[in-house]
Amino acid sequence: MASKVVANVAATFSKFEAALVNIILQKLQPGFCITVLNSDRQSTNFSIKNIWDNGFLWAVPKHRRSLEKRLNRKFGWPKYNWKPLVPKTNLLMCRACGHYHESFTICGHCYEKVKAETLEIQKAMDQQLKLDPVKDDIVVLYEGEVHESTQFWKNQRIVEVPKKRPSWFQQNLLESTTQKLSDSKEIKPNDLA
């Protein structure tokens, strides 16, 4: 069955090569190339049986790779081709918490704190806003913060969280910026990893 597939592929490649030679040497039109490719083709009806007999559906593994073989592919074989683990050299210490993380990634410990705080804010939003559609901006107020009716709070929904604001979660992060972007190119970023 596999020999039929190989023979068909070889015949197709030989016809394609012959058509390319004709195009290059004789400068034939591209439309003629298609008729040259299809001229020797036998009219066969396509059915599931033909596909099954040619073996196109058999290209799947028959056995699961064992753990030993998977580890050998991953780490190599000690006598022949050993691929040891390489220590990472791009580790940095987080300035906020002191945990290590890879450069150009966020610290995992700090991310977990932010994720937990976000879940608490979402729960407070669910309790206070319920299923009402949110059309206005939402302002999160923690315990001890005032929400007087000033111009800032106009057209905004207020969600109160019953705990103190964490020290790393600043209030001005939630406000939209009013500063214009600077056009100066004299300031360079510092402390890049």
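Lys 163 forms a salt bridge with Glu 117, with the closest N and O atoms 2.9 Å apart. Lys 163 sits in the segment after strand 6 and Glu 117 in helix 5, so the pair ties together parts that are 46 residues apart in sequence. The model is predicted.

## Around Glu 117

Helix 5 covers residues 108-129, and Glu 117 is found there. Is Glu 117 buried or exposed? Its relative accessibility is 5%, so Glu 117 counts as buried. Its partner Lys 163 counts as partly exposed, because its relative accessibility is 26%.

Glu 117 also has a polar partner. Its side chain meets that of Tyr 142 in a polar contact of 2.5 Å. Leaving out residues up to four places away in sequence, Glu 117 touches Tyr 142, Lys 163, Pro 166 and Trp 168. The charged pairing extends further: Glu 117, Glu 120 and Lys 163 are linked in a network of salt bridges.

## The aromatic pair

The structure holds one aromatic pair. How are the rings of Tyr 142 and Phe 169 arranged? Their centres are 6.0 Å apart and their planes stand at 75 degrees, so the pair is edge-to-face. The cut-off for that class is an angle over 60 degrees. Tyr 142 lies in strand 5 (residues 137-142), while Phe 169 lies in the segment after strand 6 (156-161), so the pair ties together parts that are 27 residues apart in sequence. Both Tyr 142 and Phe 169 are buried.

Tyr 142 thus appears in two settings. Its ring pairs with that of Phe 169, and its side chain makes the polar contact with Glu 117.

## Salt bridges

The structure holds four salt bridges. Three of them are listed here with their closest N and O atoms.

| Lys or Arg | Glu | N to O distance |
|---|---|---|
| Lys 88 | Glu 102 | 2.8 Å |
| Lys 163 | Glu 117 | 2.9 Å |
| Arg 165 | Glu 145 | 2.6 Å |

Take Arg 165 and Glu 145, which form a salt bridge at 2.6 Å. This pair links distant parts of the chain: Arg 165 is in the segment after strand 6, Glu 145 is in the loop between strand 5 and strand 6, and they are 20 residues apart. Arg 165 has a relative accessible area of 18%, so it is buried. Glu 145 counts as partly exposed, at 24% relative accessibility.

Next come Lys 88 and Glu 102, whose side chains meet in a salt bridge of 2.8 Å, N to O. Lys 88 lies in the loop between strand 2 (81-82) and strand 3 and Glu 102 in strand 4, so the pair ties together parts that are 14 residues apart in sequence. Lys 88 is exposed, with a relative accessible area of 52%. Glu 102 is partly exposed, with a value of 31%.

## A nonpolar surface patch

Which residues form a nonpolar patch on the surface? They are Leu 91, Met 93 and Tyr 100, with about 350 Å² of accessible area together. Met 93 belongs to strand 3 (residues 91-93). Its relative accessibility is 48%, so Met 93 counts as partly exposed. Tyr 100 belongs to strand 4 (residues 100-102). Tyr 100 counts as exposed, because its relative accessibility is 59%. Setting aside neighbours within four places in sequence, Tyr 100 is in contact with Leu 92 and Met 93.

## Backbone points

Phe 104 is placed in the loop between strand 4 and helix 5. Its phi is near 65 degrees, a positive value in a residue other than glycine. Phe 104 is exposed, with a relative accessible area of 74%. Gly 76, just after helix 4, also has a positive phi, of about 85 degrees. Helix 4 itself (residues 67-75) is hardly covered: among its nine residues, the count of buried residues is zero.

## The whole chain

The protein has five helices and six strands. From the N terminus on, the order is α-α-α-α-β-β-β-β-α-β-β. What share of the 193 residues is buried? Buried residues make up 12%. The protein exposes about 17500 Å², and carbon and sulfur atoms supply 58% of that area. Of the contacts between residues at least 6 apart in sequence, 31% join residues at least 24 apart.

Key: Residues numbered from 1 in each chain as written. Predicted model: local features only at pLDDT ≥ 70, side-chain atom pairs only at ≥ 80, totals over all residues. Heavy atoms only, no water. Helix = DSSP H or I, 4+ residues; strand = E, 2+ residues; numbered from the N terminus. Buried < 20%, exposed > 50% of the residue type's maximum accessible area, 1.4 Å probe, protein only. Contact = heavy atoms within 4.5 Å. Areas by Shrake-Rupley, 256 points an atom, 1.4 Å probe, with all protein chains shown as cover. Patch = residues over 30% accessible without salt bridge, like charges linked within 9 Å, V, L, I, M, F, W, Y side chains within 5 Å. Phe/Tyr/Trp six-rings, centres within 6.5 Å; stacked < 30°, edge-to-face > 60°. Polar contact = N/O pair within 3.5 Å; in protein donor to acceptor, adjacent residues only side chain to side chain.
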